[in-house]
Amino acid sequence: EMDFYPSQWQAEIDAMNTIIYDSINNGVYKAGFAQSQEAYDQAIVALFEQLDLLDQHFSDHHYLVGEQLTEADIRLIPTLIRFDAVYHTHFKCNTKQIRDYSNLYGYVKRLSKLDPIRKTTAFNHIIRHYYYSHILINPYQIIPTGPNPLL
């Protein structure tokens with residue numbers, strides 16, 4: 001049985017979870033649903049500063065905390081998997097794509113191959129859901145042709 005919240009790393013996992021949620025998980029929504037240029041700009045700066053830091057982190061780490069998959073990785077990966085296919089265009093998080101970050105992209109590709117993640121990632125569903133469900137952002141429910149979501 002895997003322990004995704006090992007006691008020796010709980011403080012680090014909790015700290016990482018706070019950062020990941022605020023600047024990345026919720027950060028894409030802060031940008032996508034921003035109702036002012038100032039709010040959008042703040043969200044984008046925080047989002048891409050954190051993505052830059054993560055890319056540096058993954059230059060010499062396989063996981064966010066410790067040497068195994070933890071809750072922090074499980075919190076981060078859904079947003080990163082969806083990023084290029086949805087958040088980049090739909091939520092205007094288009095400074096870079098995840099595939100532009102060599103280390104971060106390698107992390108996403110590696111974790112995406114894990115059976116529980118691979119088996120529960122359905123890009124057709126993800127893309128259709130986002131482009132159809134946010135009428136204020138995409139009133140005509142147009143699904144863009146790219147980028148190709150395949151990792």
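**Entry 1: Lys-96 and its partner**

I started at Lys-96, which counts as partly exposed because its relative accessibility is 32%. I note at the outset that this is a predicted model, and I read every value below as computed from that model. I then looked for an acidic partner and found that the side chain of Lys-96 meets that of Asp-52 in a salt bridge, with 3.7 Å from N to O. Lys-96 sits in the loop between H4 and helix H5 (102–112), while Asp-52 belongs to helix H3 (residues 37–57), so the pair ties together parts that are 44 residues apart in sequence. For Asp-52 I looked up the accessibility as well, and at 32% this residue also counts as partly exposed.

**Entry 2: the other salt bridges I followed**

How many salt bridges does a search of the whole structure find? The search returns 5, and I followed two further pairs in detail. As background I wrote down that side chains of opposite charge can pair when their charged atoms come close.

Between Glu-71 and Arg-75 I recorded a salt bridge whose closest N and O atoms are 3.7 Å apart. These two residues are 4 apart in helix H4, which means that about one helical turn separates them. Glu-71 is partly exposed at 29% relative accessibility, and Arg-75 is partly exposed at 31%.

The side chains of Arg-99 and Asp-84 form a salt bridge at 2.8 Å, N to O. Arg-99 is placed in the loop between H4 and H5 and Asp-84 in helix H4, so this pair ties together parts that are 15 residues apart in sequence. I then asked of each partner: is it buried or exposed? Arg-99 has 29% relative accessibility and counts as partly exposed, whereas Asp-84, at 6%, counts as buried, the cut-off for buried being under 20%.

**Entry 3: the largest pocket**

I turned next to empty space, keeping in mind that rolling a probe the size of a water molecule over the atoms shows where such space is left. The largest pocket has a volume of about 300 Å³. It is lined by 14 residues, and those closest to its centre are Ile-74, Ile-77, Pro-116, Ile-117 and Thr-120.

Which helix supplies the largest share of the lining? I found that this is H4, with 5 residues. At least two lining residues come from each of helix H4 (71–90) and helix H6 (115–118). Sorted by class, the lining of this pocket holds 11 nonpolar, 2 polar and 1 charged residues.

**Entry 4: a nonpolar patch and the contacts of the N-terminal segment**

Ile-74, which I had listed among the residues closest to the pocket centre, came up again on the surface, where Met-2, Phe-4 and Ile-74 form a nonpolar patch with about 270 Å² of accessible area together. Met-2 belongs to the segment before helix H1 (10–25), and at 52% relative accessibility it counts as exposed.

From Phe-4 I followed the chain to a partner distant in sequence: its C-alpha atom is 6.4 Å from that of Leu-69, although the two residues are 65 apart along the chain. Leu-69 lies in the loop between H3 and H4, and with a relative accessible area of 12% it is buried.

Thr-70 is likewise placed in the loop between H3 and H4, and its relative accessible area is 0%, so I entered Thr-70 as buried. The C-alpha atoms of Thr-70 and Trp-9 are separated by 9.0 Å, with their positions 61 residues apart along the chain counted as sequence separation.

**Entry 5: backbone angles that I flagged**

My last check was on phi, given that most residues other than glycine have a negative value. Lys-92 is not a glycine, yet has a positive phi of about 60°. Lys-92 is found in the loop between H4 and H5 and is partly exposed, with a relative accessible area of 39%.

Where in the chain is Gln-141 found? I located Gln-141 in the segment after helix H7 (123–133). Its phi is near 55°, again a positive value in a residue other than glycine, and at 29% relative accessibility Gln-141 counts as partly exposed.

Technical notes: Residues are numbered from 1 along each chain as its sequence is written. This is a predicted model: local features need pLDDT of at least 70, side-chain atom pairs count only at pLDDT 80 or more; totals for chains, interfaces and linings use all residues. Side-chain values use heavy atoms; hydrogens and water are left out. On a 1 Å grid over the protein atoms alone, a cavity is a set of points where a 1.4 Å probe fits but cannot get out, and a pocket is an open set with protein on both sides within 12 Å along at least five of seven lines; lining residues have an atom within 4 Å of a point. Grid points are joined across faces, edges and corners, and a volume is the space filled by probe spheres set on the points. Ala, Val, Leu, Ile, Met, Phe, Trp, Tyr, Cys and Pro count as nonpolar, Asp, Glu, Lys and Arg as charged, and the others, Gly among them, as polar. A salt bridge is a side-chain nitrogen of Lys or Arg within 4 Å of a carboxyl oxygen of Asp or Glu. Buried means under 20% relative accessible area, exposed over 50%, partly exposed in between (1.4 Å probe, protein chains only). Patches are made of residues with over 30% relative accessible area and no salt bridge: like charges are joined within 9 Å, nonpolar side chains (Val, Leu, Ile, Met, Phe, Trp, Tyr) within 5 Å. Accessible areas come from the Shrake-Rupley method with a 1.4 Å probe; for residues, only the protein chains shown count as cover.
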